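Here are a few short exercises to work through with the model open in your viewer. Try each one before you read its solution.

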Amino acid sequence: MTAGPVKAVSESSEEGGAVLDGPSRPLLSLDDMSVRFALGGRRAGETVHAVTEARLELRPGQVLALVGESGCGKSVLASALLGLLPANAWLRGSARVGGAAAEEDIELLSASERVLAGRVRGRRVGLVPQSAATHLTPVRTARAQLAETVRELRGHEDDGDVDELAERVGLDPAALEHYPHELSGGMAQRVAVASALVADPPVVVADEPTTGLDRPLVDRTMDLLGELANRNRGVLLITHDLSAARRVATHVAVMYASRVVETGPAEEVFDRPWHPYTVGLLNALPERGFEPIPGHPPALTELDALERKWGCVFCQRRPDTPGVAACDGTTELVSYGDRAVAAHPPC
Ligand SMILES: Nc1ncnc2c1ncn2[C@@H]1O[C@H](COP(=O)(O)OP(=O)(O)OP(=O)(O)O)[C@@H](O)[C@H]1O
Ligand code: NI
């Protein structure tokens, strides 16, 4: 997606120490990125189209909310960026994490494990994983695990470092003495957020960072992500929670059945959605009457054949969204100024 007005970055890059003036470079650029999974066992020969030709851009100062129903490919997209997909995954296209200058860019999809582990994870891209609790080691306290991340990424650790991180994410430092099984889901979630912030990475990918949190903590977590953007970091916020996204997102990308179907500045997309799927998602919000989208998304193993037959597979599910221009059936995302939409021209 293209950005609205973007502030220039004027600070040291963590690698080159160069000072960058003028228009900022994207922090993250996805270009025709696709992820497929080859199934095995009884389903051998079938292919899951989990992410299809994604094109997105994240710039300093942006919180880009990636929204869409369960199973549309959001987590797979995030995991692919960090090289965390299983061996049956097949990747195509490009995803670059941008440095202060072009020489510092890293192509993530073809990066070696050595580059991903040594230069990307935690350093260039911080990840708050989905179901954070399962990412903690059961036999060590939360404090021991956070302290280890601090030592690894900062090269040293002072007594106050871990407490300071805990406080930043709204966690009582005393809670860090607990083992993961003694933490509530919300506490584990905040430990994960704290871990992602250790090296102050330019990009934070947060996959459902508010699962298990009550509303005040949801708001606090969202505000924390918003503060990162205010300091010229970029946040890719994956969430089901459109209300939470609305609170901090500067931009939105709506995903349906593995494809990004609409992108644009958050306010415009929320206030005047173009794609009937975005309209449907917004109508399902409590304040808009909880009207669910009828039917189900297509099976991602059938997607190729369905798209060849129908083009826009959403109109196949819901052919008659009121107030939305008819679909011309293509799947390609077409730009109109700083917004883009697939299949359905602006109305
Ligand atoms: N290792 C895998 N092998 C085969 N299919 C997979 C694999 N991992 C994920 N998938 C499939 O890829 C699709 C996208 O999954 P993904 O987890 O990205 O969805 P999501 O949008 O993040 O959903 P949720 O909001 O529930 O987390 C799903 O159909 C899922 O079953
Ligand atoms: Ni359509």
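**Exercise 1. The shell around the ligand**

Which strand and which helix each supply at least two residues of the shell around ligand 1?

*Solution.* Keep in mind that you are looking at a predicted model. Step one is to collect the shell: 16 residues surround ligand 1, and the closest are Phe37, Ser70, Lys74, Ser75 and Val76. Step two is to assign them to elements. Strand S2 (47-58) and helix H1 (74-81) each supply at least two residues of the shell. Between them, H1 has the edge, since it gives the most to the shell around ligand 1, with three residues. Step three is to sort the shell by class: seven residues are nonpolar, eight are polar and one is charged.

**Exercise 2. Strand order in the sheet**

Work out in which order the four strands of the open sheet lie, and which strands are at the edges.

*Solution.* Take the pairs one at a time. Strands pair through backbone hydrogen bonds, either parallel or antiparallel.

- Strand S1 (residues 28-38) pairs with S2 in the antiparallel sense over eight bridges. To find the register, look at Met33, which stands opposite Ala54 in S2.
- S1 is also joined by eight bridges to strand S4 (residues 89-97), and these two run antiparallel. Here Ser29 has Arg96 of S4 as its bridge partner.
- S4 pairs with S5 in the antiparallel sense over two bridges. Arg96 appears again, standing opposite Glu107 in S5.

Chaining these pairs gives an open sheet in the order S2-S1-S4-S5, with antiparallel pairing. The edge strands are S2 and S5 (106-107), as each pairs on one side only. Note that the edge strand S2 is also the strand you met in the ligand shell.

**Exercise 3. Two packed helices**

How do helix H3 and helix H4 pack, in terms of angle and distance between their axes?

*Solution.* Two packed helices are described by the angle between their axes and the distance between the axes. For H3 (residues 142-154) and H4 (residues 159-168), the angle is about 110° and the axes are 10 Å apart. Angles from 65 to 115 degrees count as roughly perpendicular, so H3 is roughly perpendicular to H4.

Now look at who meets whom. Arg143, Leu146, Ala147 and Val150 in H3 meet Asp161, Val162 and Leu165 in H4. By class, this contact has five nonpolar, no polar and two charged residues. The charged class includes Asp and Arg, so Arg143 and Asp161 are the two charged residues of the contact.

Note on methods:
Residues numbered from 1 in each chain as written. Chains lettered and ligands numbered in written order. Predicted model: local features only at pLDDT ≥ 70, side-chain atom pairs only at ≥ 80, totals over all residues. Near = placed C-beta within 6 Å. Pairing = 2+ DSSP bridges. Axes fitted to C-alpha atoms, helices over the stretch in contact; angles between N-to-C directions. Parallel < 35°, antiparallel > 145°, perpendicular 65-115°, else oblique. Contact = placed C-beta atoms within 7 Å.
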